[in-house]
Amino acid sequence: MHCKGTLIAVKDMEKAKCFYHDVLGLNVVDDFGANVVLTEGVFLQTAETWKTFIRKTEKEIIYANNASELYFETNDMDDFIGKLSSFSDISYLHPLLKHSWGQRAVRFYDLDGHIIEVGENIVMVVKRFISSGLSIEETAKRMDVDVNYINSCLE
């Protein structure tokens, strides 16, 4: 068995395709109208179709439930935050923050209320700490991980 990706129900397929392309750089791999495959294992399906598959009414599809998220990483968090700020219609769950282990992340909603997190690639976090003058051991302690993990990030 193999997980192929994550499917989300969307109210407006054309707007969703534009959002995921413009904001996250995802491209359409296959477009079957009511079902669209994007790069990075994201699948979009119209809410109209989705409700028939799960045998629910439109009212029973719960958007913005804050129970899951699509998680992405970027090597250049500053560049992504700059790009994200150019979109005036982004609804943030929270602005850019720094987790206790040093990784920066932002969470926002897509057009249908699905949470999207974009986090800094953890290898970039390690490299940032090392370039700031921390040793491998200090970086491991700062991030609360094993030294072997830090070494694997630097290979």
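## Two helices at an angle

Helices H5 and H6 sit roughly perpendicular to each other, because their angle of about 110° falls in the range of 65 to 115 degrees that counts as such. Helix H5 covers residues 136-143 and helix H6 covers residues 147-154, and their axes are 8 Å apart. Keep in mind as you explore that this is a predicted model. The crossing of H5 and H6 is right-handed.

Which residues make the contact between H5 and H6? From H5 come Ile-136, Glu-137, Thr-139, Ala-140 and Met-143, and from H6 come Val-147, Ile-150, Asn-151 and Leu-154. Sorted by character, the residues of this contact are six nonpolar, two polar and one charged.

## One helix back along the chain

Helix H5 also meets helix H4: the two axes come within 9 Å and cross at roughly 125°. That angle makes H4 oblique to H5. Here, too, the crossing is right-handed.

On the H4 side, the contact uses Ile-122, Val-125, Val-126, Phe-129 and Ile-130. On the H5 side, it uses Ile-136, Thr-139, Arg-142 and Met-143. The residues of this contact divide into seven nonpolar, one polar and one charged. If you compare the two lists, you will find Ile-136, Thr-139 and Met-143 of H5 in the contact with H6 and again in the contact with H4.

## The whole chain

Let's step back to the overall plan. The protein has six helices and eight strands. Reading from the N terminus, the elements follow the order β-α-β-β-β-α-β-α-β-β-β-α-α-α. Along the principal axes, the C-alpha atoms fill a box of roughly 55 × 40 × 25 Å.

## A four-stranded sheet

Strands of a sheet pair through backbone hydrogen bonds, either parallel or antiparallel. In this protein, four strands form an open sheet in the order S5-S8-S7-S6, with mixed pairing. Strand S5 (69-74) and strand S6 (91-98) are the edge strands, each pairing on one side only. From one strand to the next, the twist averages 15°.

To see one pairing in detail, look at S5 and strand S8 (residues 115-120), which run in the parallel sense and share six bridges. Thr-74 stands opposite Glu-120 in S8. Helix H4 (residues 122-131) packs on this sheet and touches S5, S6, S7 and S8, with its direction at about 35° to that of S8. Helix H3 (residues 77-85) lies across S5, S6, S7 and S8 as well, running at about 25° to strand S7 (104-109).

## A hairpin and a salt bridge

Now turn to an earlier part of the chain. Strand S2 pairs with strand S3 (residues 35-38) in the antiparallel sense over three bridges. Within this pairing, Val-37 in S3 is the bridge partner of Asp-30. The hairpin of S2 and S3 has three residues between the strands, and Gly-33 takes a positive phi near 85° there.

Side chains of opposite charge can pair when their charged atoms come close. How many salt bridges does the model contain? The count comes to seven. One salt bridge joins Lys-17 and Asp-31, whose closest N and O atoms are 2.5 Å apart. Lys-17 belongs to helix H1 (residues 13-24) and Asp-31 to strand S2 (residues 28-31), so this pair ties together parts that are 14 residues apart in sequence.

Conventions:
Residues are numbered from 1 along each chain as its sequence is written. This is a predicted model: local features need pLDDT of at least 70, side-chain atom pairs count only at pLDDT 80 or more; totals for chains, interfaces and linings use all residues. Side-chain values use heavy atoms; hydrogens and water are left out. Two strands pair if DSSP finds at least two bridges between them. Axes are lines fitted to C-alpha atoms, for helices over the stretch in contact, and angles run from 0 to 180 degrees between N-to-C directions. Contact means heavy atoms within 4.5 Å. Angles under 35 degrees count as roughly parallel, over 145 as roughly antiparallel, 65 to 115 as roughly perpendicular and the rest as oblique. A crossing is left-handed if the near helix is turned anticlockwise from the far one by less than a right angle, and right-handed if clockwise. Ala, Val, Leu, Ile, Met, Phe, Trp, Tyr, Cys and Pro count as nonpolar, Asp, Glu, Lys and Arg as charged, and the others, Gly among them, as polar. A salt bridge is a side-chain nitrogen of Lys or Arg within 4 Å of a carboxyl oxygen of Asp or Glu.
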